[in-house]
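Keep the sequence and the 3D view side by side while you read. The walk goes from the domains to single residues.

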Amino acid sequence: MQLTRHWISKFFIKNHVSLSIDAQGIQIDNIHINWLEMSISPNINKGLFFNSIEFQTNKSKYNFNWLSKKTARSALKITRQYWAQLHQTRLHSLVKKQKIEINKSYLRKGTWLTFQQQALTELNRWPLIIDIYHFEDTIKKSLKFLRHISSWNEKQLGTFQSKYINNQREKYRDYFNCLESNPLTDKQQIACITNEQNNLILAGAGTGKTSTMIGRVGYLLKSNQATTSEFLLLAFGSHAAEEMKLRVSNKLKTNSIKICTFHALGLYIIKSVESKSPNVTNMAKNEQVKLDWIHTQLTKLLAQENYKTKAQYYFDTYLNAHKNTDFDSKKHELAKLLNQLLGLYKLALFNVNSLQSRLTQQNKAQITIELELLSPIYQLYQQYLVDNNEIDFEDMIIKSIKYIKNQQFKSPWRHILVDEFQDISEPRAQLIKALREQVVDGTLFCVGDDWQAIYRFTGADVSLTTRFDTYFGTTKTTSLDKTFRFNNSISDIATQFVMQNPEQLNKKMLTHIHTKQPKVSLYHGDNNTRLHSILSTINNTSKESKSIYILARYKYLLPNTTTINQLNNTYKKLNINALTFHASKGKEADKVIIIGLKNGKSGFPAQKKISPLLDSLLPKNESYRYAEERRLFYVAMTRAKHQVHLIFDTHKPSIFITELIDNNYAIEYNEISTEPLKEVI
Ligand SMILES: Nc1ncnc2c1ncn2[C@@H]1O[C@H](COP(=O)(O)OP(=O)(O)OP(=O)(O)O)[C@@H](O)[C@H]1O
């Protein structure tokens, strides 16, 4: 077809060329442009008497003007049809790809945003809806689909996702119903199916967070969305990892999923890259070995006049609470502090935030001298590791991050799941983030409870849980609101107690088990006598065997192994274990007896002041008094399935016990009425 300008144009423009059009493209003078070079369909520009047709390539625009209105209209129709013929392949394949993806699995918000962007870009190439009446139906249909996708808002996305989730719940109903003794709750099922890039399950104790995590693995396997080799399940502590392996093996009947601690993961990554296992220093494996080594180095350093003067000044000025203690005791105190500081200092040096920015301006003088005392020990320690070709746990994390970031390690895990996420420290968060980012559609699924964050002293940073999306990006947070472990009495008391701190995230807690009786009982007096009377009562009144945890803030307050064995022999129906509050995390027993609830030094809440250098190297402290100790009490109480027994010191009761009494918590007062008790306190 030949397109010619109106004859009037020859009075205004010199070059009165014509334009030829065919199925391949257009030809103006000796320039040929293929339709495929035109990123946008031909367009019309309307003037008062004449119109022009615009052809646009990536590089330039060609405007063929001086066309009568009628000629322009028919030329536009033909050119657009030719253009559409060649561009429809791309359009249809985009639509096909999006449709497959949308119907295949859970539609992620990130995927939907990408689809919207792609749809808008594609639609912008095509004429408006009113101008495509003469196009083939297949083209019209594809354009309609893209218009639909691009017009969705978040609510519509949510509706679409809910529809998918409901379908999956229906399809895998038997699986979800049989995983636990009761069907998984609606929220648990939703959490299993929801498959955003970042997923956070935030819920209180005993709500089945770990069960949900395992449930999700099983669901993804059952629905063929993943294979066992694509999972990485992370737990804190080898005991928790072993327990998780057992639960996965029992519930999902597979032993081929990678379940490990962060340290084991670090070892695995380094071994994969270096083709041999690194030598992990004994100092990392055994705290006492490290402390002894620090002691030896400290003794050598104290033989140097300069170091000794500084240490003496430090002891006299800052360890004055221990005025009466001798030089050796203070040296021991310093060794313990240096032991705590070493790893944190090393990570702070590695961290993106420079060490200087972490150091507070407060207590600058004390921080300075603590750094001066630490620095030579740190250098000796690093030299020791180099000389002996050994690494520590901090090196394991630092090296692993490096190997992932520089691609020396290629992650095989598309689904990373982390239990007890509230215990995570920044370097570990960096490690899993780097792993997830390596895999194109990798997901992160973390379960945690800010109410159970009790490891700040090891570097755990609860703000990584409370501000999860700031760190990891767009996140779907699901809360589980039904606890299966304990009854409403334990739940109400523990929840009310932990929520006194306004910084804790508010969570609704329903209980599977209901009782009208108070199931948190208070006893005063001597730990030992009370302990026996409680154990004897439980033993005599129980029909079947019962598991009992005796819990305390510090290990030395607990009965030793011999005593526990004796107790187990005496009370035949009971299976008694003694644990610190920290060690009881993640575990459960029928009844819990909490001892050592006294005030003051080595009491509960712990009131020990920490060094300002240590404080600055740890994640930011909370302003609420005893925030972490309060959460520890929550953790201890919520280990119980049926009943909590609290034994407190009458002379120096823990301020937490005073609080329970003063605020009329619905607890059971044994052998004592409230009034005399209040007098005692
Ligand atoms: N849907 C369910 N039906 C019945 N029991 C369940 C259900 N979900 C979880 N449980 C049980 O509830 C108990 C607590 O579950 P789980 O250990 O997964 O909780 P959690 O939230 O991880 O607890 P914590 O935070 O205290 O470690 C377990 O005994 C588990 O088997």
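What follows takes the domains, the ligand shell, the strands, a helix and some backbone details in turn.

This is a predicted model. The domain assignment divides the chain into domain 1 (2-151), domain 2 (170-269 + 414-480), domain 3 (282-390) and domain 4 (485-680). Domain 2 is thus listed with two segments. Start with domain 1 and domain 2. Their C-alpha centres are 48 Å apart. Five residues from domain 1 and seven residues from domain 2 make up the contact between them. On the side of domain 1 that touches domain 2, one residue is nonpolar, two are polar and two are charged.

Now turn to the ligand. Its shell holds 19 residues, and Asn182, Gly208, Lys209, Thr210 and Phe484 come nearest. Which domains feed this shell with at least three residues each? They are domain 2 and domain 4. At the level of single elements, α7 (209-222) and β14 (482-487) each give at least two residues. The largest share, three residues, belongs to α7. Sorted by class, the shell has twelve polar residues, four charged ones and three nonpolar ones.

Next, the strands. Near the start of the numbering, four strands form an open sheet in the order β1-β2-β3-β4, with antiparallel pairing. Its edges are β1 (2-3) and β4 (31-34), each paired on one side only. Look at β3 (residues 25-28) beside β4: four bridges join them in the antiparallel sense. Within this pair, isoleucine 28 faces isoleucine 31 of β4.

Strand β8 (residues 198-203) has a different story to tell. Six of its six residues are buried, so the strand is largely enclosed by the rest of the structure. Cover lies on both faces. One side carries Asn198, Leu200 and Leu202, the other Asn199, Ile201 and Ala203, and all are buried. Two parallel pairings involve β8. With β12 (residues 443-448) it shares five bridges in the parallel sense. Here asparagine 199 has phenylalanine 445 as its bridge partner. With β13 (residues 475-480), β8 shares six bridges, again in the parallel sense. In that pairing leucine 202 stands opposite serine 479.

Move on to helix α20 (residues 488-498). Is it mostly covered or mostly open? It is mostly covered, with eight of its eleven residues buried. The buried ones are Ser489, Ile490, Ser491, Ile493, Ala494, Thr495, Phe497 and Val498. Their cover includes the strands β14, β15 (510-513), β16 (520-524) and β20 (640-648), as well as helix α24 (627-637). β14 therefore appears twice in this account: it helps cover α20, and it supplies residues to the ligand shell.

Finish with the backbone. Where does the chain hold a cis peptide bond? One runs from phenylalanine 604 to proline 605, with omega near 0 degrees. Proline 605 sits in the loop between β19 (589-597) and α23 (612-617).

Two residues other than glycine have a positive phi. Asparagine 224 has a phi near 55 degrees. It lies in the loop between α7 and β9 (231-235). Asparagine 224 counts as exposed because it has 7 C-beta neighbours inside 10 Å. Lysine 253 also has a positive phi, of about 55 degrees. Its place is the loop between α8 (238-252) and β10 (258-261). Lysine 253 is exposed too, with 8 other C-beta atoms within 10 Å.

Conventions
Residues numbered from 1 in each chain as written. Predicted model: local features only at pLDDT ≥ 70, side-chain atom pairs only at ≥ 80, totals over all residues. Near = placed C-beta within 6 Å. Nonpolar A, V, L, I, M, F, W, Y, C, P; charged D, E, K, R; others polar. Domains from an automatic or database assignment. Pairing = 2+ DSSP bridges. Buried ≥ 20, exposed ≤ 12 C-beta atoms within 10 Å, placed from the backbone. Contact = placed C-beta atoms within 7 Å.
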